[in-house]
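Reader: I have a new structure open and would like to learn how to read it. Could you walk me through it with me asking as we go?

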Amino acid sequence: MNAEKLIRRSAIGLAFAGLLAGDVYAQSPDPAPTPQQDIQNDKKDIRSDKKDLAKDRADRDADQRDINKDKRDLAKDRADRNKDLRDINHDRRDLNKDRADRNADQRDINRDKAQLVRDDKQFGANSAQAQADRKDLRADRADRNADQRDINHDRRDLNKDRADRNADQRDINHDKADLAKDRKDRNQDQKDINKDKKDLHKDRKDLRKDRRGHK
């Protein structure tokens with residue numbers, strides 16, 4: 001019985017010693033990389049830096065193209081907006097002129113009516129004077145109606161040009177927002193490029209250092 005206990009204790013002791021040895025091995029630091037591994041890691045970092053640099057440059061160039069396009073769009077929309085403003089001013093002048101003509105025609109109509117009443121009373125409805133008054137009245141009414149049609153046309157033109165001006169102004173605001181965003185993106189890409197250059201310079205310096213240490 002004593003021999004059996006001794007064997008069991010020995011087995012337990014060996015198992016415990018094995019656990020301690022495994023724990024010590026697990027806690028031991030990883031072996032330091034070899035000089036060759038350092039060089040390989042440096043080369044890998046350099047390749048990664050070059051890829052990042054190429055990508056950020058491509059992004060920066062794409063943003064610059066977007067900026068150039070935004071500038072062209074903005075210039076075009078401003079030209080359209082300014083043309084709409086000129087059209088609006090022209091429509092207003094036409095509208096004011098046609099209103100003045102319409103009002104003058106209306107005054108002529110009122111005068112013709114009064115003259116017709118006087119001539120009918122003085123000379124009779126079938127007199128030459130009354131017939132001439134009726135002819136003038138018809139002509140003035142035709143002129144007044146034509147002026148009213150011009151006024152309606154001018155109003156439609158004015159409303160359309162105002163709508164176009166408002167649409168162009170919205171386009172201008174949109175172009176400004178796009179331009180600001182693309183400039184921000186371009187500036188961020190340039191910062192990334194500058195950082196990539198620094199990283200690449202540092203990794204190349206590390207590579208040269210590791211190569212000298214390996215010789």
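Author: Gladly! Let us start with one residue and its neighbours: Asp42 touches Asp203, Asp206, Leu207 and Asp210, leaving out residues up to four places away in sequence. Asp42 itself is found in helix H2. Keep in mind that this is a predicted model.

Reader: Is Asp42 buried or exposed, and which side chain of opposite charge is nearest?

Author: To read a charged residue, look at its cover and then at its possible partners. Asp42 is buried yet has no salt bridge; Lys202, the nearest side chain of opposite charge, is 7.5 Å away. A salt bridge needs a nitrogen and a carboxyl oxygen within 4 Å.

Reader: Where does Asp168 lie, and which residues does Asp168 touch?

Author: Asp168 sits in helix H3, which covers residues 128-214. Beyond residues up to four places away in sequence, Asp168 touches Asp77, Asp80, Arg81 and Asp84. Asp168 is buried and has no salt bridge, the nearest side chain of opposite charge being Lys76 at 6.8 Å.

Reader: Let me step back. How many helices and strands does the protein chain have?

Author: A good habit is to count the elements and then read their order. The protein chain has 3 helices and 0 strands, and along the sequence its pattern is α-α-α.

Reader: Why does the end-to-end distance of H2 agree with its 89 residues?

Author: Here you compare an expected span with the distance in the model. At 1.5 Å a residue, the 89 residues of H2 should span 132 Å, and the end C-alpha atoms are 128 Å apart, so the two agree. Just after H2, Gly124 takes a positive phi of about 105°.

Reader: What share of contacts in the protein chain joins residues at least 24 apart, among those between residues at least 6 apart in sequence?

Author: Sequence separation tells you which parts of a chain meet. Among contacts between residues at least 6 apart in sequence, 87% join residues at least 24 apart. For an example, take His153 in helix H3: the C-alpha atoms of His153 and Leu95 are 58 residues apart along the chain and separated by 8.7 Å. Another pair is Arg93 and Asp154, 61 residues apart in sequence and 9.3 Å apart in space, C-alpha to C-alpha. Arg93 has its place in helix H2.

Reader: Are those residues buried or exposed? I would like to know about His153 and Arg93.

Author: The relative accessibility decides. His153 has 41%, so it counts as partly exposed. Arg93 has 53% and therefore counts as exposed. For the protein chain, buried residues make up 20% of the 215 residues. The chain exposes about 15700 Å², and carbon and sulfur atoms supply 51% of that area.

Reader: Which residues make up the largest nonpolar core?

Author: For a core, look for buried nonpolar residues whose side chains meet. The largest nonpolar core has 6 residues: Ile39, Ile46, Leu53, Ile193, Leu200 and Leu207. Helix H2 (35-123) and H3 are the elements that give two or more residues to this core.

Reader: Why does Ile46 count as buried?

Author: Ile46 has a relative accessible area of 9%, and buried means under 20%. Ile46 lies in helix H2. Its contacts, leaving aside neighbours within four places in sequence, are Leu200, Asp203, Arg204 and Leu207. Ile46 and Leu207 are 161 residues apart in sequence, with 8.9 Å between their C-alpha atoms. On the same basis, Leu200 is in contact with Ile46, Asp49, Lys50 and Leu53.

Reader: How many salt bridges does the count come to?

Author: To read a salt bridge, check the N to O distance and then where the partners sit. The count comes to 12 salt bridges. Among them, Asp80 pairs with Lys76, with the closest N and O atoms 3.1 Å apart. Asp80 and Lys76 both lie in helix H2, 4 residues apart, about one turn of the helix. Asp80 is partly exposed, with a relative accessible area of 26%.

Reader: What separates Asp185 and Lys181 in helix H3?

Author: Asp185 and Lys181 are 4 residues apart in helix H3, so about one helical turn separates them. They form a salt bridge whose closest N and O atoms are 3.1 Å apart. Asp185 is partly exposed, at 27% relative accessible area. One further salt bridge joins the side chains of Asp61 and Arg60, at 2.9 Å from N to O.

How values were computed:
Residues numbered from 1 in each chain as written. Predicted model: local features only at pLDDT ≥ 70, side-chain atom pairs only at ≥ 80, totals over all residues. Heavy atoms only, no water. Buried < 20%, exposed > 50% of the residue type's maximum accessible area, 1.4 Å probe, protein only. Lys, Arg positive; Asp, Glu negative; His and termini not counted. Contact = heavy atoms within 4.5 Å. Core = buried A, V, L, I, M, F, W, Y, C linked by side-chain atoms within 4.5 Å. Expected span 1.5 Å × (residues − 1). Areas by Shrake-Rupley, 256 points an atom, 1.4 Å probe, with all protein chains shown as cover.
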